[in-house]
Amino acid sequence: MLDISVLREEYKEGTKVRLLSDLNDEFSPHFAGDILTVSFVDDLGQIHGSWKSCGSLALIPEIDSFEKVVA
């Protein structure tokens, strides 16, 4: 089970994350290498924000493969 407070600390607003593989959604336009700028982590632990390519589909830490981008 995810610790939401840890996720919120790790993925604060403005944090950038990179997809390591395509999102686990057959209708998603987000592919490996796409960048999400985090807005917030919801109460389910999903990471929301804006994608560089387009849209705002959330990341699900237990399903999607991604890494934090270090500036």
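# Salt bridges and a nonpolar core

Colleague: Let's start with Glu 9: does it count as buried or exposed?

Modeller: Keep in mind that this is a predicted model. The cut-off for exposed is over 50% relative accessible area. Glu 9 comes out at 53%, so Glu 9 counts as exposed.

Colleague: Okay, and which residue forms a salt bridge with Lys 12?

Modeller: Side chains of opposite charge can pair when their charged atoms come close. For Lys 12, the closest N and O atoms of the pair are 3.1 Å apart, and the cut-off is 4 Å. Lys 12 itself is partly exposed, with a relative accessible area of 44%. The residue it forms the salt bridge with is Glu 9.

Colleague: How many salt bridges does the structure hold?

Modeller: The bridge between Lys 12 and Glu 9 is one of them. Another joins the side chains of Lys 68 and Glu 10, at 3.5 Å from N to O. The structure's count of salt bridges is four.

Colleague: How many residues apart are Lys 68 and Glu 10?

Modeller: These two meet in a salt bridge, and the pair links distant parts of the chain. Lys 68 belongs to strand S4 (residues 66-68), while Glu 10 belongs to helix H1 (residues 4-10). Lys 68 is partly exposed at 35%, and Glu 10 is partly exposed at 37%. Along the chain, they are apart by 58 residues.

Colleague: And Arg 18, which strand does its salt-bridge partner Glu 67 lie in?

Modeller: The side chains of Arg 18 and Glu 67 meet at 2.7 Å, N to O. Arg 18 lies in strand S1 (residues 16-19), and the pair ties together parts that are 49 residues apart in sequence. Glu 67 lies in strand S4.

Colleague: Now for the inside. Which element gives the most to the largest nonpolar core?

Modeller: In soluble globular proteins, nonpolar side chains tend to be buried together. The largest core here has 13 residues, and Tyr 11, Leu 36, Ile 47, Leu 59 and Phe 66 touch the most other members. The elements giving two or more residues are H1, S1, S2 and strand S3 (47-51). With three residues, the one that gives the most is S2.

Colleague: What about Val 41, how far is it in space from Arg 8?

Modeller: Val 41 sits in strand S2 (residues 35-41) and is buried, with a relative accessible area of 7%. Its contacts beyond four places in sequence include Ile 4, Leu 7 and Arg 8. Val 41 and Arg 8 are 33 residues apart in sequence, yet C-alpha to C-alpha the spacing is 5.7 Å.

Colleague: Are the rings of Tyr 11 and Phe 66 stacked or edge-to-face?

Modeller: Both residues are buried, and their ring centres lie 5.8 Å apart. Tyr 11 is in the loop between H1 and S1, and Phe 66 is in strand S4. Planes over 60 degrees apart count as edge-to-face. Here the planes are at 65°, so the pair is edge-to-face.

Colleague: Last one: which residue has its charged end over the ring of Tyr 11?

Modeller: We've met this residue already, in the salt bridge with Glu 10. Its charged end is 5.8 Å from the centre of the Tyr 11 ring, and the cut-off is 6 Å. The residue is Lys 68.

How values were computed:
Residues numbered from 1 in each chain as written. Predicted model: local features only at pLDDT ≥ 70, side-chain atom pairs only at ≥ 80, totals over all residues. Heavy atoms only, no water. Buried < 20%, exposed > 50% of the residue type's maximum accessible area, 1.4 Å probe, protein only. Helix = DSSP H or I, 4+ residues; strand = E, 2+ residues; numbered from the N terminus. Contact = heavy atoms within 4.5 Å. Core = buried A, V, L, I, M, F, W, Y, C linked by side-chain atoms within 4.5 Å. Phe/Tyr/Trp six-rings, centres within 6.5 Å; stacked < 30°, edge-to-face > 60°. Lys NZ or Arg CZ within 6 Å of the ring centre and 35° of its normal.
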